[in-house]
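Colleague: I'm new to this one, so could you walk me through it? Start with whatever I need to know to read it.

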Amino acid sequence: MKIAFIGLGNMGAPMARNLAAAGHAVTGFDTAAVAVEGVTMAGSAADAVRAADVAITMLPSGAILRAVADEIVPAMRRGAVHLDCSTVDVASARAVAETAQAAGLSALDAPVSGGVGGAEAGTLTFMVGGDEAGFKTALELFEIMGKKAVHCGPSGNGQAAKICNNMILGATMIVTCEAFALADKLGLDRQAMFDVVSTSSGSSWSMNSYCPAPGIGPTSPADNDYRPGFSADLMLKDLRLAMQAAEEADADTPLGTAAAALYARFVEEEDGAGRDFSAMLPRFERRGRG
Ligand code: NAD
């Protein structure tokens, strides 16, 4: 397939490299000067997409995605697929898909989970919104860049699945960290706490697979001085997208709201910026109830 790849950052570069290594012809564009093995760079986003069967975008925000879509949609050939893998607000995802469909394109929103490690290893999970025909075309690309792709329904539903998942993750990580800090103060050994909770009804991915306590459970960013992993900054971005969606949909999300406020304080006023999102545990260790 002829593939265009716009946005070759921490995630986009390894994803594009994997597509090229699998034998696809990949043309790339990024506003920063980047070089990616196997990818031919174009002078503009419009130039990159002109011959493409599938144009992939992997960009920082909904505003940037909307601007890039305005540029690439008119340049793409009818019947081609715009596959957006960025994490953006549901409203931007739906607006961009509408513009693409009106121009005779297929449009998919397909945010990912799995982080930079998953992008490099080709083991991402894609949560996909959009039409069935586009999903079928993109499936072989999902299989190269990832290990699983779930079709979640019409446009915007991929983003909806992503922010709902990450709202659960953010709140679960916080409560796991506060429970460890409480257990410390009650004199409960951390290994005993892990052994009980990880096999009981308090178990979760945050406890069992990504334990925020160093030296406990499988290796995680806690064992690497809380270097990300998944940064607190990106968790805050996703929680804010969840809060924006909840506002627009008039959904009551008290724990999501509390999680967004706590990560905002952690990143913007405390020492959370640039640290893994599980560094909430040392934050709670230092604190009392006041
Ligand atoms: P990044 O900042 O490393 O990469 C974004 C790239 O887009 C940069 O290279 C930037 O120069 C480029 N860019 C910005 N504006 C552009 C434009 N107008 N035209 C072309 N290129 C432009 O970010 P990232 O970590 O690769 O994340 C990309 C997306 O993936 C984000 O939406 C993020 O939320 C999501 N995501 C990231 C992770 C992660 O662990 N990093 C995990 C899951 C999802």
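Modeller: Helices (H or I, at least four residues) and strands (E, at least two) are DSSP runs, numbered from the N terminus. This is a predicted model, where local features need pLDDT of at least 70 and side-chain atom pairs count only at pLDDT 80 or more, while totals for chains, interfaces and linings use all residues. Residues are numbered from 1 along each chain as its sequence is written.

Colleague: Okay, so which residue just after α1 takes a positive phi?

Modeller: The phi there is about 105°. The residue that takes it, just after α1, is glycine 23.

Colleague: And why is α1 (residues 12–21) largely enclosed by the rest of the structure?

Modeller: A residue is buried if 20 or more other C-beta atoms lie within 10 Å of its own, exposed if 12 or fewer, and partly exposed in between, with C-beta atoms placed from the backbone. The buried residues of α1 include Gly12, Met15, Arg17 and Leu19. Their cover includes β1 (2–6), β2 (25–29), β3 (39–41), α5 and α6 (132–145), going by contacts (C-beta atoms, placed from the backbone, within 7 Å). α1 is largely enclosed because the buried count is nine of its ten residues.

Colleague: Zooming out, how many residues does each domain bring to the contact?

Modeller: The protein is divided into domain 1 (2–154) and domain 2 (160–286), with bounds from an automatic or database domain assignment. Their centres, taken over C-alpha atoms, are 29 Å apart. The contact takes nine residues from domain 1, and from domain 2 it takes ten.

Colleague: Which residues come nearest the ligand?

Modeller: A residue is near a molecule or strand if its C-beta atom, placed from the backbone, lies within 6 Å of it. The shell draws at least three residues from each of domain 1 and domain 2, and α3 (62–72), α5 (115–121) and α10 (232–249) each supply at least two. Out of 25 residues around the ligand, the nearest are Gly7, Gly9, Asn10, Met11 and Thr87.

Colleague: By class, what does that shell around the ligand have?

Modeller: Ala, Val, Leu, Ile, Met, Phe, Trp, Tyr, Cys and Pro count as nonpolar, Asp, Glu, Lys and Arg as charged, and the others, Gly among them, as polar. Sorted that way, the shell has 15 nonpolar, eight polar and two charged residues.

Colleague: Now the strands: which residue in β5 does threonine 57 stand opposite?

Modeller: Strands pair if DSSP finds at least two bridges between them, and β4 (residues 54–57) and β5 (residues 81–84) pair in the parallel sense over four. Both faces of β5 are covered, with Val81 and Leu83 buried on one side and His82 and Asp84 buried on the other. Opposite threonine 57 stands aspartate 84.

Colleague: Is alanine 161 buried or exposed?

Modeller: Alanine 161 sits in helix α7 (residues 157–185). Leaving out residues up to four places away in sequence, it touches Met127 and Cys152. Because 21 C-beta neighbours lie inside 10 Å, alanine 161 counts as buried.

Colleague: Last one: how far apart in space are methionine 193 and threonine 57?

Modeller: Methionine 193 belongs to helix α8 (residues 190–197) and counts as buried because it has 22 C-beta neighbours inside 10 Å. Not counting residues up to four places away in sequence, methionine 193 touches Phe180, Ala183 and Leu188. Methionine 193 and threonine 57 are 136 residues apart in sequence, and the C-alpha to C-alpha distance is 43 Å.

Technical notes: Contact = placed C-beta atoms within 7 Å.
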